[in-house]
Amino acid sequence: MAKKVALLQGNEAGAHGALYAGCRFFAGYPITPSTEVAEVMSAELPKVGGRFIQMEDEIGAMAAVIGASLTGAKVLTATSGPGLSLKQENIGYACISEVPAVIFNVMRGGPSTGMPTGPSQSDVMCAKWGTHGDHPAICLVPASVQEIFEETVRAFNLAEKYRTPVMIMPDEIVAHMRERIVFPEPGELEVVDRTKPSVPPEQYKPYDTSFGDVPPLAAFGSGYKFHVTGLNKMQDGFPTTKAEVVQAEEERQVRKVEANRADIMKWEEYMCDDADVIVVAFGSTSRSARFAVNEARKNGIKAGLFRIITFWPFPEERLMELSKKVKGFITPEMNLGMCTGLVKGCIEGNAPVLGIFRVDGEPINPGQILDKMKEVK
């Protein structure tokens with residue numbers, strides 16, 4: 001039997017990916033250019049017994065998905081630009097209380113209102129440093145409509161597996177383009193559910209590290225009662241200021257992601273084996289980069305593409321390895337050098353890094369990348 005095929009917009013694919021992963025609750029506030037995610041969820045969630053709610057603002061939307069996740073539901077919110085800024089305090093709350101949630105953020109021009117309908121790739125630092133304090137960070141940056149579907153499923157899996165918020169950040173071009181998508185059959189893509197308690201309610205502690213760095217999570221309403229707070233907490237969930245407990249808890253929360261980098265990180269290498277110059281790109285910019293690499297090869301330039309799919313944790317170890325055998329890196333991005341700075345920081349001066357930056361609402365084209373390649377000596 002042939003698989004279902006459709007012509008979908010990136011945002012629509014993200015919504016369908018969430019449904020495939022088992023999402024049953026959405027709370028959000030309409031904002032360009034992510035509104036189509038909410039539109040699809042509002043139509044489709046009631047069909048599968050889910051709940052959709054349009055909140056009064058972005059702060060309330062993030063609070064609502066935290067509450068729904070604590071009842072055992074897989075949850076999604078969608079936003080863009082200033083909406084992500086408003087969500088940051090509650091994203092921090094989800095981090096410290098270790099509540100799974102997926103945030104679908106479509107990157108547009110900024111800061112502030114910026115260019116609401118223009119593309120950007122300038123939110124990637126916000127995914128790690130947007131909320132204050134030390135906390136884990138997982139951020140995915142898909143480059144096609146099909147990949148938005150698949151990476152949204154993976155975002156849910158990672159959120160459930162590691163009890164943490166996960167951000168998926170397509171740029172506006174990928175989010176609004178329309179492409180052919182092949183829907184996977186049920187069971188074709190892995191779907192992960194959070195680990196539930198194996199002890200009776202009277203023995204349950206929501207942050208019991210005897211089960212490892214990711215303790216089982218009970219659902220409110222299932223007979224388990226536990227305390228949730230934005231304060232540093234003990235294993236029973238109640239606040240503490242004991243130095244040794246706070247230190248251990250903060251380190252564990254970061255460690256549960258950092259110690260599992262190999263499971264979380266994902267990238268694509270295209271013609272990198274013999275490359276003299278490697279283009280490091282993500283999102284829609286990587287599509288221009290791939291075209292540029294193909295054209296460069298035709299002109300005798302040994303070029304390759306390192307396409308970032310998981311932005312956080314950043315693939316610093318692999319880039320360090322590649323830096324020892326290339327003459328230089330090109331880093332095109334629709335911001336003023338966020339990824340470029342990270343690449344420079346992790347390769348320790350082994351090769352030059354030449355950036356291409358655009359923040360004018362226009363995409364980076366293959367010609368710009370080809371021209372920059374010629375500057376690598």
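This report covers one sheet and several salt bridges in a predicted model.

## The five-stranded sheet

The sheet is open and holds 5 strands. Their order is β9-β11-β10-β13-β14, and the pairing is mixed. β9 (267–270) and β14 (353–357) are the edge strands. Each has a single partner strand, so one side of each lacks a neighbour in the sheet. On average, neighbouring strands are turned by 20 degrees against each other, direction ignored.

At one end of the order, β13 (residues 328–333) pairs with β14. The sense is parallel, and the pairing runs over 5 bridges. One residue pair can be named here: P332 has I356 in β14 as its bridge partner. Strands of a sheet pair through backbone hydrogen bonds, in either the parallel or the antiparallel sense.

## Salt bridges across the sequence

The whole structure contains 27 salt bridges. One of them joins the side chains of E12 and R178, at 3.2 Å from N to O. E12 belongs to helix α1 (residues 10–21), while R178 belongs to strand β8 (residues 178–182). The two residues are 166 apart in sequence, so the bridge ties together parts separated along the chain. E12 is buried, because its relative accessible area of 17% falls under the 20% cut-off. R178 is partly exposed, at 47% relative accessibility.

R261 and E317 form another salt bridge, at 3.1 Å from N to O. This pair also links distant parts of the chain. R261 sits in helix α9 (residues 261–264) and E317 in helix α11 (residues 316–323), 56 residues apart. Burial is split here as well: R261 counts as buried at 11% relative accessibility, whereas E317 is partly exposed at 39%.

## A salt bridge within one helix

What separates E295 and K298 in helix α10? The two are 3 residues apart in this helix (residues 284–298), so about one helical turn lies between them. Their side chains meet in a salt bridge of 3.1 Å, N to O.

Is K298 buried or exposed? K298 is exposed, with a relative accessible area of 64%. Its partner E295 is partly exposed, at 21%. That value puts E295 outside the buried class, because buried means under 20%.

## A shared network

Which residues are joined into one network by salt bridges that share partners? They are E98, K233, E249, R252 and K256.

Definitions and conventions: Residues numbered from 1 in each chain as written. Predicted model: local features only at pLDDT ≥ 70, side-chain atom pairs only at ≥ 80, totals over all residues. Heavy atoms only, no water. Pairing = 2+ DSSP bridges. Helix = DSSP H or I, 4+ residues; strand = E, 2+ residues; numbered from the N terminus. Axes fitted to C-alpha atoms, helices over the stretch in contact; angles between N-to-C directions. Salt bridge = Lys/Arg side-chain N within 4 Å of Asp/Glu carboxyl O. Buried < 20%, exposed > 50% of the residue type's maximum accessible area, 1.4 Å probe, protein only.
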